[in-house]
Amino acid sequence: MRWVILFLALAMGSVATAQDFDDAVSPEAQAAAAMRSKRYREAENIYRQLLQRNPESMTNKHLLSHALILQQRFSESDSLLRVAYLQDSTHPGTFWYFGISAERQDQYSEAYGFFRRYIQKSEQKRLQEFNQSAWLHAGSALRRKMHTKGITVNEWADMVYCYESYLQAQPSDPMVGSIKEFVDAVRLRQPRGGEKLLWSEQ
């Protein structure tokens, strides 16, 4: 009988400890964990609660927009990002998530423009946490546009520049070899005059 009582006491203590741990985890950490495990609706609900507490938080606006993007609720995400832009038109993060949204919708010109503005705003603010993959996103947006609509000589030049900037910033990326191969190949296909480069890479 004493063993049963001891077992129940230990079990209840474990439950209490687990509950205490859950209570100790911040809402931000809970939302981040939900995003990592693809529980986007759960993360959305937490970010909405955080925004209710602090409506001015740009971070939570951006993270909520990301949760909406990953649920393919693009119009809601873009509306929220427009609110963030009106609050602070110089914040780089707003352009980053606008770019992610456009990218997910196959809006290549728009995605390129947003990632380029993210880079520009980040350089102006001299952000230490600048996301170097913006170069990759910008170059890849033009690459996809090249596949379907074609790109001008100026777009061709900036596509190459974006990829080279990424290679310089991230030399250990596993994709370096394939990116270099593409850059070497596309250099030979510079469009002339008013022509566009339409190339499927086939």
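Which residue, with a positive phi, follows α2? Select Lys38: its phi is near 65 degrees. The model under view is predicted, and residues are numbered from 1 along each chain.

From Lys38, step back to helix α2, residues 27-36, and display Ala31, Ala34 and Met35, which are buried. Viewed down the axis of α2, the buried residues fall within an arc of 100 degrees, so they line one face of the helix. An α-helix has 3.6 residues a turn, so residues three or four places apart point the same way. Next, add α3 (40-53) and α4 (58-69), against which the buried residues of α2 pack.

Now turn to the largest nonpolar core, which comprises 37 residues. Select Met146, Met159, Phe182 and Val186, the residues with the most contacts inside this core. At least two core residues come from each of α5 (74-87), α6 (92-104), α7 (108-125), α8 (133-148), α9 and α10 (176-187). A second core, separate from that one, has 14 residues, including Met35, Tyr47, Leu64 and Leu70.

Centre the view on Phe182. Apart from neighbours within four places in sequence, Phe182 is in contact with Arg143, Met146, Met159, Tyr163, Trp199 and Glu201.

The last stop is helix α9, residues 153-169, where Glu155 is found. Is Glu155 buried or exposed? Its relative accessibility is 18%, and Glu155 therefore counts as buried, the cut-off being under 20%. Show the side chain of Glu155, which reaches the backbone nitrogen of Thr152 at 2.9 Å. Finally, select Leu142, Lys145 and Gly150, which Glu155 touches when residues up to four places away in sequence are not counted.

Technical notes:
Predicted model: local features only at pLDDT ≥ 70, side-chain atom pairs only at ≥ 80, totals over all residues. Heavy atoms only, no water. Buried < 20%, exposed > 50% of the residue type's maximum accessible area, 1.4 Å probe, protein only. Helix = DSSP H or I, 4+ residues; strand = E, 2+ residues; numbered from the N terminus. Arc of directions from axis to C-beta. Contact = heavy atoms within 4.5 Å. Polar contact = N/O pair within 3.5 Å; in protein donor to acceptor, adjacent residues only side chain to side chain. Core = buried A, V, L, I, M, F, W, Y, C linked by side-chain atoms within 4.5 Å.
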